[in-house]
Amino acid sequence: MIIVIKKGADATQVENLKTLLRSKNIQPHVSEGSLQTLIGCVGDVAHIDPGLIEALDVVESVQRIQEPYKAANRKFHPDDSVIDCSGVKVGGGAFAVIAGPCSVETDEQLLSVARSVKASGATMLRGGAFKPRTSPYSFQGLGAEGLRILAAAKKETGLPIVTELMDFKDIDLFNDVDVIQIGARNMQNFNLLKEVGAHTKKPILLKRGMSATLQELLMSAEYIMASGNPNVILCERGIRTFETALRNTLDLGVVTILHRLSHLPVIVDPSHATGYSYMVESVSTAAAAIGADGLIIEVHNDPPHAKCDGAQSQTPEMFARTMAKIAKVRAALA
Ligand code: PEP
Ligand code: MN
């Protein structure tokens, strides 16, 4: 962190600032130029609020030169993290495809989807049991019954299961769950992040909030990691912009930036990013081509009758074609 001191600042006030910094275990290094005086801060500045320093009378501006996240930062962990999801690896070259319906509806529905996505090469099964819905009148998910159905599908297919946790009070129901999803709407539910950080080591699939910056996404990952769970997978699922032609706006360049900033794996959700099943194949292949560590794709055996997100759900046949194309792209790039 570099503090720019105002021209003609009172020397006593500058001394007071240095004392304040020392009291926070920061060593101030003053460099007095002919035009400007700067204070370089050496030490752990992660816990310092730059706004607080900037508000001081003598301070012109404050610049962070180090990102405020440590555990998630590639600078301190140069190698890619590989997250083990009950035997299925994600990251460091291991590409995972999580597929399944938006929400678990019945035993038959989930089993049928699970069998078909497995046959096409999916490596994990998704399905929401606790659904964060915009309307309280929409289907809210089957809850505990949905988790039972997921566990049964896992037992038959062997696919690890990925499902969303909205409230930590439900964690005891999640014993058979392999990967806990924290949805876009809960990306900044800091209590929930701290709880899945402190009380489980299960991998956490952290979806980007719909208005979150990448730094905010990484700070949310930091919450989980700083609380004790290093097993975080980042998920880009598009953000809300002025564009209305698609459900969200997806910038695939985010994958490249996140890989530069962090060692955590980054997967892409083409279903929520676009909102349309016809777009899922092209966006999935593009995500694979740009270097994503995996995909999470909504697949339904009967999309027109899906209880949630039918318009963006691929049929098993579409998913099979998408998987074949992804394999070609990955082979071409290998
Ligand atoms: C979902 O995965 O079904 C979901 C609700 O996703 P998001 O949190 O990204 O909207
Ligand atoms: Mn969905």
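In this predicted model, arginine 185 has a relative accessibility of 42% and therefore counts as partly exposed. Arginine 185 belongs to the loop that runs between β10 (179-182) and α5 (190-198). Its C-alpha atom is 9.8 Å from that of threonine 134, although 51 residues separate arginine 185 and threonine 134 in sequence.

The helix α10 (316-333) was examined for its length and for the burial of its residues. With 18 residues at 1.5 Å a residue, α10 should span 26 Å, and the distance between its end C-alpha atoms is 26 Å, so the two values agree. The buried residues of α10 include Pro316, Met318, Phe319, Thr322, Met323 and Ile326. These residues lie on the same side of α10, because the arc that they cover around the axis is only 140°. The other side of α10 carries exposed residues, namely Arg321, Lys328, Ala331 and Ala332. Thus Phe319 is among the buried residues of the helix, whereas Arg321 is exposed on the other side.

The loop between β14 (294-298) and α10 contains aspartate 309. The phi angle of aspartate 309 is near 60°, a positive value in a residue other than glycine. Most residues other than glycine have a negative phi. Aspartate 309 has a relative accessible area of 18% and is therefore buried, as this value is under 20%. A positive phi is also found at serine 86, where the angle is near 50°. Serine 86 is placed in the loop between β5 (83-85) and β6 (88-90).

No disulfide is present, the count for the structure being 0. Cysteine 308 takes part in no disulfide, and the nearest cysteine sulfur, which belongs to cysteine 102, is 3.1 Å away. A disulfide requires the two sulfur atoms to be within 2.5 Å, so this pair does not qualify. Cysteine 308 has a relative accessible area of 6% and is buried. Cysteine 102 is likewise counted as buried, at 1% relative accessibility.

Strands β2 (residues 27-32) and β3 (residues 37-42) are paired in the antiparallel sense, with 6 bridges between them. The two strands form a hairpin in which 4 residues lie between β2 and β3. Within this pairing, proline 28 is opposite cysteine 41 of β3. In a regular strand, side chains alternate between the two faces of the sheet.

Contacts of aromatic rings were considered next. Over the whole structure, 3 aromatic pairs are found. One of them joins tyrosine 276 and tyrosine 278; the ring centres are 5.9 Å apart and the planes are at 40° to each other, and the pair is tilted. The relative accessible area of tyrosine 276 is 35%, which means that this residue is partly exposed. Tyrosine 278, with a relative accessible area of 64%, is exposed. A further ring contact involves a charged side chain: lysine 307 lies over the face of phenylalanine 139, at 4.9 Å from the ring centre.

Key: Residues numbered from 1 in each chain as written. Chains lettered and ligands numbered in written order. Predicted model: local features only at pLDDT ≥ 70, side-chain atom pairs only at ≥ 80, totals over all residues. Heavy atoms only, no water. Buried < 20%, exposed > 50% of the residue type's maximum accessible area, 1.4 Å probe, protein only. Pairing = 2+ DSSP bridges. Phe/Tyr/Trp six-rings, centres within 6.5 Å; stacked < 30°, edge-to-face > 60°. Lys NZ or Arg CZ within 6 Å of the ring centre and 35° of its normal. Expected span 1.5 Å × (residues − 1). Arc of directions from axis to C-beta.
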